[in-house]
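Biologist: Hello! I am new to this structure and would like a guided tour. Could you show it to me, please?

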Amino acid sequence: MPDKVVVVVNKIGGNERSSDQSGGSSGGNSNASESTNQSEARTSRLAQVDSLLNSNYDDIPWDEISYGVETLYTAWPTISIDMKALNVGESDISSFSTTLDGVAQAVKVQDKNSALINLYNLYTLLPKYLSYFSSDETKLNVYNTKAYVLSSYVSANSENWGEMNTNVTNAINTLSKNMQSEKLNNIEKTALEKSYTLLEELKRGIGVEDKEIFYLKYKLAMEQLEIL
Amino acid sequence: MKNQISKYLLITLMIIFVILLAILIYIRFLGSNEGEEYAILTEKAEGEITYLDSSIIQLMNNLNNISYSRYQVTIKEVNESEQQDNTSNNSESAGNGSQTTESARQSSSGSEQNRWK
């Protein structure tokens, strides 16, 4: 729960609107706002997401993850038909289904490490698929960069710092190939430079050998890479 | 006689030329259609890969409670009794004039906070 709460009461139908602020003991920087709509009889609350530095990594939302896996199962048949039409190798297509089954099994028994490994294996198939029908090297490099970052993220679970360092170095090297591309416009160049800087930050973070700091830097780097 | 033969030959050649031209145009049209279909399919597949990319990353992030969003919205149903409490508090304060508006505000906000503890 946040230390400092900002409460807003909205009374629909009447003409009343009031607000108040109550400070907590430590006066933290997290804020929340709350509104009550009496005609709808429900209360909504806007709160800041917990900081990764103080997050509870063992409190995994398995229900949400199960739902996500089910959604992948629903989407895959249509996607596999399109991949077949684009001459993607039969073995590569079938290995997605096999790995997805592995993810489902890991989620079912709530095995975090196995779920991470299987999801990573699933991800590595994406640049493979793309290479069958796209000649866009820039895009392919971005997918491979993300795969390396995800590999280091998986290794973070077992705190294998050496492997994490190697993977992030590979990610930096792969992304740097795009830096030499002349096709990029100014906006794309800025986004790429930002991603590159964040990956270097991530590598520096590995040197600290602190899991929470790694996750914080991973989040920033990955968020930026998803824009590319 | 010779003139007539050359005339027939010319017409035959022209007909052959027109037929060949028609076949050529048809093949070209068919080819461009296939190319267009392939381009559409490629675009669709790229979109599907983007979808898989974000879905898989989101699932992996969820395993460590990592989210890109800065805020989260939670919605909670309000009990009828709590609503009635709020209503009575508000009506009391309204009856006491402007001086009690502040207390009404405090009690409302107090009860709201209690609900979230």
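## A walk through the two chains

Modeller: Gladly! This is a predicted model. In chain B there are three helices and one strand. Read along the sequence, they come in the order α-β-α-α.

Biologist: What share of the 117 residues in chain B is buried?

Modeller: A residue is buried when 20 or more other C-beta atoms lie within 10 Å of its own. In chain B, with its 117 residues, the buried share is 15%.

Biologist: Turning to chain A, which pattern does it follow along the sequence?

Modeller: Chain A holds seven helices and four strands, and 30% of its 228 residues are buried. Residues 24 or more positions apart supply 58% of its contacts with a separation of 6 or more. Its pattern along the sequence is β-β-β-β-α-α-α-α-α-α-α.

Biologist: How do H1(A) and H2(A) run, roughly parallel or roughly antiparallel to each other?

Modeller: H1 covers residues 62-85 of chain A and H2 covers residues 90-108, and their axes lie 10 Å apart at an angle of about 170°. Angles over 145 degrees count as roughly antiparallel. H1(A) and H2(A) are therefore roughly antiparallel.

Biologist: How many nonpolar residues does the contact of H1(A) with H2(A) have?

Modeller: On the H1(A) side, the contact includes Trp62(A), Ile65(A), Val69(A) and Leu72(A). Among the residues that H2(A) brings are Ile93(A), Phe96(A) and Leu100(A). By class, three residues of this contact are polar and one is charged, while the number of nonpolar ones is 13.

Biologist: Where in H1(A) does the kink lie?

Modeller: H1(A) has 24 residues, which should span 34 Å at 1.5 Å a residue, and its end C-alpha atoms are 35 Å apart, in agreement. The kink in H1(A) is about 40° and comes shortly before the proline Pro77(A). It lies at Trp76(A).

Biologist: How many of the 21 residues of H4(A) are buried?

Modeller: H4(A), residues 137-157, reaches 31 Å from its first C-alpha to its last, close to the expected 30 Å. So many of its residues are buried that H4(A) is largely enclosed by the rest of the structure. Of the 21 residues, the buried number is 16.

Biologist: Is Leu216(A) buried or partly exposed?

Modeller: Leu216(A) lies in helix H7 of chain A, where the buried residues include Tyr215(A) and Lys217(A). The C-alpha atoms of Leu216(A) and Leu202(A), 14 residues apart along the chain, are separated by 8.9 Å. Being buried takes 20 or more C-beta neighbours. Leu216(A) has 19 inside 10 Å, so it counts as partly exposed.

Biologist: Which residue in the loop between H2 and H3 of chain A has a positive phi?

Modeller: Most residues other than glycine have a negative phi. The residue in question is exposed, with 12 other C-beta atoms within 10 Å. Its phi is near 55°, and its name is Gln110(A).

Biologist: And what is the phi of Glu209(A)?

Modeller: Glu209(A) is in the loop between H6 and H7 of chain A. With 11 C-beta neighbours inside 10 Å, Glu209(A) counts as exposed. Its phi is positive, near 55°.

Note on methods: Residues are numbered from 1 along each chain as its sequence is written. Chains are lettered from A and ligands numbered from 1 in the order in which they are written. This is a predicted model: local features need pLDDT of at least 70, side-chain atom pairs count only at pLDDT 80 or more; totals for chains, interfaces and linings use all residues. Axes are lines fitted to C-alpha atoms, for helices over the stretch in contact, and angles run from 0 to 180 degrees between N-to-C directions. Helices (H or I, at least four residues) and strands (E, at least two) are DSSP runs, numbered from the N terminus. Angles under 35 degrees count as roughly parallel, over 145 as roughly antiparallel, 65 to 115 as roughly perpendicular and the rest as oblique. Two residues are in contact if their C-beta atoms, placed from the backbone, lie within 7 Å. Ala, Val, Leu, Ile, Met, Phe, Trp, Tyr, Cys and Pro count as nonpolar, Asp, Glu, Lys and Arg as charged, and the others, Gly among them, as polar. The expected span of a helix is 1.5 Å times one less than its number of residues. The bend at a residue is the angle between axes fitted to the seven residues ending there and the seven starting there.
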